[in-house]
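Open the model in your viewer and get ready to make a few selections. We will go from stop to stop, and at each one you will read what is there.

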Amino acid sequence: MIHHLTRRIASARAVSLIGPLDLDGDAVGAMVALGLAIRRRWPACEVLLIADEVLPPRYRFLERADLPFRRAADVPASPVDLALVLDGDPGRLGAAQRHYAAARARGLVDHHKTADAAAVDVAFLDPLAASTTELVLQLCDHWGVALDAALAAPIYAGLVFDTHVFRYRLTRPPTLRAAARLMETGIDHAWLVERVLLDQPMAKVRLRGRMLDRLEVALDGRLAWATLDEKACAGVETGGLVDDLVFIEGVEVGMLLIARGGGRVKLSLRSRGGVDCAEVAQALTSSGGGHARAAGATVTGPARAVAERVIAEVARRLNTGEHAG
Ligand SMILES: [Mn+2]
């Protein structure tokens, strides 16, 4: 896989690196790091970074003046030799979709277990990688691109974002060895972690307080949940709030419901036991999905009715999965 991708990039005059909808620290880090690595290895290759949205303020410190992020709607879709989607599903690109479609060849660099190599011309995938930036580091090593602080910072940003600073399951010995190598370039670990993860807008902290105030439990304390309405969430980025609902003693599944306009509810699920959140989200609506431990969906109906449906789905899985470990 790595050789095939390398050949494709080596023969390309222009490569687009495309981020999925809802850019996160790993997607942004992977775009910046891979862009920089390609530029260093093949200086004549033109590299474009494209996403549906403008770069979220949190990640602006990663952007380089010589590799600016372009909003898909602001640039014409050109038939570049290769378009690569990083850290996401080529079916979820928003306005960047037409850039992907216009390319002569299409590919994927990703660590999601649902990534499908058969759907693209070239892929570099590893569902055991802790972040897509961990795969970018492997590409740098394969290409002989020297690791310095400029390259290490976006790679490290993706690594700490996706593992929540090495807390989650995909943190393995190679992840920590990679982290050590990255730190040895002189990057500031504490500063990067603050910028990428810890610093929160005041409005989000207050919203978290409101969420915790409304905490309810079900299924003998094994599911914790809360509901917020659209008004309370106005102007606040709600990503990650649901994580606070699953790391509670005895809780295995966390659920956050955000009531949106038009009778729709945004559902976010987290699991740390045997319940597969993606299955639960899919049981509610065919457009639901994600990972076993983190999933979501947009469902029609009153929030409480949606909650009851989720609780019933989780209850079935808790009962049948009792002895599965
Ligand atoms: Mn990722």
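Here is a short tour of this predicted model, from its domains to single residues.

**Stop 1: the two domains.** Begin by colouring residues 2-198 as domain 1 and residues 202-320 as domain 2. The C-alpha centres of the two domains are 29 Å apart. Six residues from domain 1 and six residues from domain 2 make up the contact between them.

**Stop 2: the manganese ion.** Next, select the manganese ion and show the side chains around it. Which residues coordinate the manganese ion? You will find D26, D87 and D162, each giving an OD atom, together with H111, which gives NE2. These atoms sit at 2.1 to 2.2 Å from the ion. Along the sequence, the donors follow the spacing D-x60-D-x23-H-x50-D. One pair among them links distant parts of the chain: D26 belongs to helix α2 (residues 25-41), while D87 is in the loop between β4 (82-86) and α3 (97-102), 61 residues apart. Turn on a surface and ask: are D26 and D87 buried or exposed? Both D26 and D87 are buried.

**Stop 3: T132.** Keep the ion on screen and add T132, which you can find in helix α4 (residues 132-143). Its relative accessible area is 0%, so T132 counts as buried, the cut-off being under 20%. Beyond its neighbours within four places in sequence, T132 is in contact with D26, A30, D87, V109, D110 and H111. Among these contacts are D26, D87 and H111, which you met as donors to the manganese ion.

**Stop 4: two helices crossing.** Now select helix α5 (residues 149-163) and helix α6 (residues 173-183). Their axes come within 10 Å and cross at roughly 145°, and the crossing is left-handed. Show side chains to see who makes the contact: A152, I155, Y156 and L159 come from α5, and T175, A179, L182 and M183 come from α6. Of the residues in this contact, seven are nonpolar, one is polar and none is charged.

**Stop 5: A123.** For the last stop, pick A123 in strand β6 (residues 122-125). With a relative accessible area of 8%, A123 is buried. Leaving out neighbours within four places in sequence, A123 is in contact with M1, L108 and A117. Finally, draw a distance from the C-alpha atom of A123 to that of L139: the two are 16 residues apart along the chain and separated by 12 Å.

Technical notes. Residues are numbered from 1 along each chain as its sequence is written. This is a predicted model: local features need pLDDT of at least 70, side-chain atom pairs count only at pLDDT 80 or more; totals for chains, interfaces and linings use all residues. Side-chain values use heavy atoms; hydrogens and water are left out. Donors are N, O and S atoms within 2.8 Å of the metal (3.2 Å for Na, K and Ca); water is not among the atoms, so sites may look incomplete. Helices (H or I, at least four residues) and strands (E, at least two) are DSSP runs, numbered from the N terminus. Buried means under 20% relative accessible area, exposed over 50%, partly exposed in between (1.4 Å probe, protein chains only). Axes are lines fitted to C-alpha atoms, for helices over the stretch in contact, and angles run from 0 to 180 degrees between N-to-C directions. A crossing is left-handed if the near helix is turned anticlockwise from the far one by less than a right angle, and right-handed if clockwise. Contact means heavy atoms within 4.5 Å. Ala, Val, Leu, Ile, Met, Phe, Trp, Tyr, Cys and Pro count as nonpolar, Asp, Glu, Lys and Arg as charged, and the others, Gly among them, as polar. Domain bounds come from an automatic or database domain assignment.
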